[in-house]
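Thank you for asking for a second pair of eyes on this model. Please find my notes below, set out as numbered points on the aromatic rings and on one of the sheets.

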Amino acid sequence: MTNCGWDKISTRDSSFFRPLHIFARSSSRFISSSGCVWKRRLGLVRGKWATNNAIAVDGCYHIAAMASILPALICASEKSANIARACKREEELFQLLIEEKKGPDKNKKFVQDFKTLADVIIQEVIKNDIAEKFPEVAPHIAGEESNKFENGLGETITVKVCKTEQETAELLGKVLDGNLKAAGLLAKCIHESVCIDDPDLQKLTIDIPIDAIGIWVDPIDSTNQYIKGQFEDKFKDGIHTHGLKSAAVLIGVFDRNSGQPIMGVINIPFHEVDPNLRWQGKYYWGISYKDINIYSVPKQNPAHNQLSIVMSSSEKESIKKALAPLCGERMYYACGAGYKGLCTILGLVDAYVVTEDTTFKWDTCAPHAILKSLGGGFVNLAKTLSQPKDGDRGGFPELQYARPDQGAKQSDKWANIGGFVAYRSREQLEAIINALSLTAENTTSR
């Protein structure tokens, strides 16, 4: 990101220039990102500004000094990306980390789905780092992975971040059957300090009550592709069908009262390779809270007239056939719920469609929040299709994150029951819903 310097702020009474800063509120005190206590300053700000590498802000919001959770989330995602890359550098280590998911942990979408120690470590690092700065949030951070790991001796060990690097290394040594060198490498990554030098983050002012939020974490979305470790340089219209570039760290924040997503961070650890053949990552974020909509990506309109959709290659043939007239050749397939959500966020496609219960709250919370900040969203497909077709359908039911969906089984407690459509505009969403409604009617009439 680039530093946009000083920005003009228009108030009801005057126009003036001043730097914007990012703050967050913690209980009744207001603390700046540098740790200084500030008095609350209120004023109405209206603005919209963006460059290709800058932050965009829509709507009206109040200036308030408060402790910022966004930089903490981004730092946690960057540390997580470092751990993911470190595990891939040590091939022998990576083979030791693989363990097949069984029982309730097994995702029914895959013949084989894997849980890696990297998954567990990253999840625990995110929980630990956020809880250290915001202890009141700690009970409300949840993720995909169980932190129980079985080593070669059949011992079940609870993976956690210990107080010191040495203690963490000793714990991981037990998981890794005494491989102290590998354990030490991981412990070093876990305990290193990660700072984000992002001047644009210092220009934001947001007012989100910390005591009302929950956080969903997917430590490595598209684990299957992460394990396979393919460097795929072939893509179609900017979309990679598979490979390491579809692996993502997802951190989504939601309002525990309304269940709505309000903040998301997507970190792609393997975004590109530098001239020295080392992987470099990239992160994206967005905030959508009340009348605040802020995002780190350029708000683009696709440069084509035909609708474009991304989905899993395992999607039902009847669904592909129903959507084909809308898309023509602009129907794409890719791996990873987070990555397909990111393709929609970046405007590479107009929508992302899932018709089965194969995604979970931790898969969608982060991309949902970012897409919502851009004016789009994630709607529950089954509920939308069940609405009366005649006349105005009214509001489309967005996915919610505070409670399990009705009808969810215990093993799929946090699944997005009924599938969803992630969309960039309501007009495009309605076209997709209309096409899928015909398929649903034909199926019912048989």
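**Notes on ring pairs and a five-stranded sheet**

1. Eight aromatic pairs are counted under the rule that rings of Phe, Tyr and Trp (its six-membered ring) pair if their centres lie within 6.5 Å, with planes under 30 degrees apart called stacked, over 60 edge-to-face and the rest tilted. One of them is the edge-to-face pair of Trp-216 and Trp-414, with 5.0 Å from centre to centre and 65° between the planes. This pair links distant parts of the chain, since Trp-216 lies in strand β13 (residues 213-221) and Trp-414 in the loop between α10 (381-385) and β22 (420-423), 198 residues apart; helices (H or I, at least four residues) and strands (E, at least two) are DSSP runs, numbered from the N terminus.

2. This is a predicted model, in which local features need pLDDT of at least 70 and side-chain atom pairs count only at pLDDT 80 or more, while totals for chains, interfaces and linings use all residues. Residues are numbered from 1 along each chain as its sequence is written, and side-chain values use heavy atoms, with hydrogens and water left out.

3. Trp-216 counts as buried at 4% relative accessibility, whereas Trp-414, at 22%, counts as partly exposed; buried means under 20% relative accessible area, exposed over 50%, and partly exposed in between (1.4 Å probe, protein chains only). Ring pairs join both tryptophans with Phe-254, Phe-360 and Trp-362 in a cluster.

4. Five strands form an open sheet of mixed pairing, in the order β19-β18-β20-β22-β21, where two strands pair if DSSP finds at least two bridges between them. The edge strands, each pairing on one side only, are β19 (331-333) and β21.

5. Strand β21 (residues 377-380) is covered on both faces, with Gly-377 and Val-379 buried on one side and Phe-378 and Asn-380 buried on the other. Strands β21 and β22 run antiparallel and are joined by four bridges, and Val-379 stands opposite Val-421 in β22.

6. At the other edge, β18 (residues 309-311) and β19 pair in the parallel sense over three bridges, with Val-310 opposite Tyr-332 in β19. Helix α7 (residues 317-327) packs on the sheet and touches β18, β19 and β20, its direction making about 130° with that of β19; contact means heavy atoms within 4.5 Å, and axes are lines fitted to C-alpha atoms, for helices over the stretch in contact, with angles running from 0 to 180 degrees between N-to-C directions. Helix α8 (residues 337-345) lies across β18, β20 and β22, at about 150° to β20.
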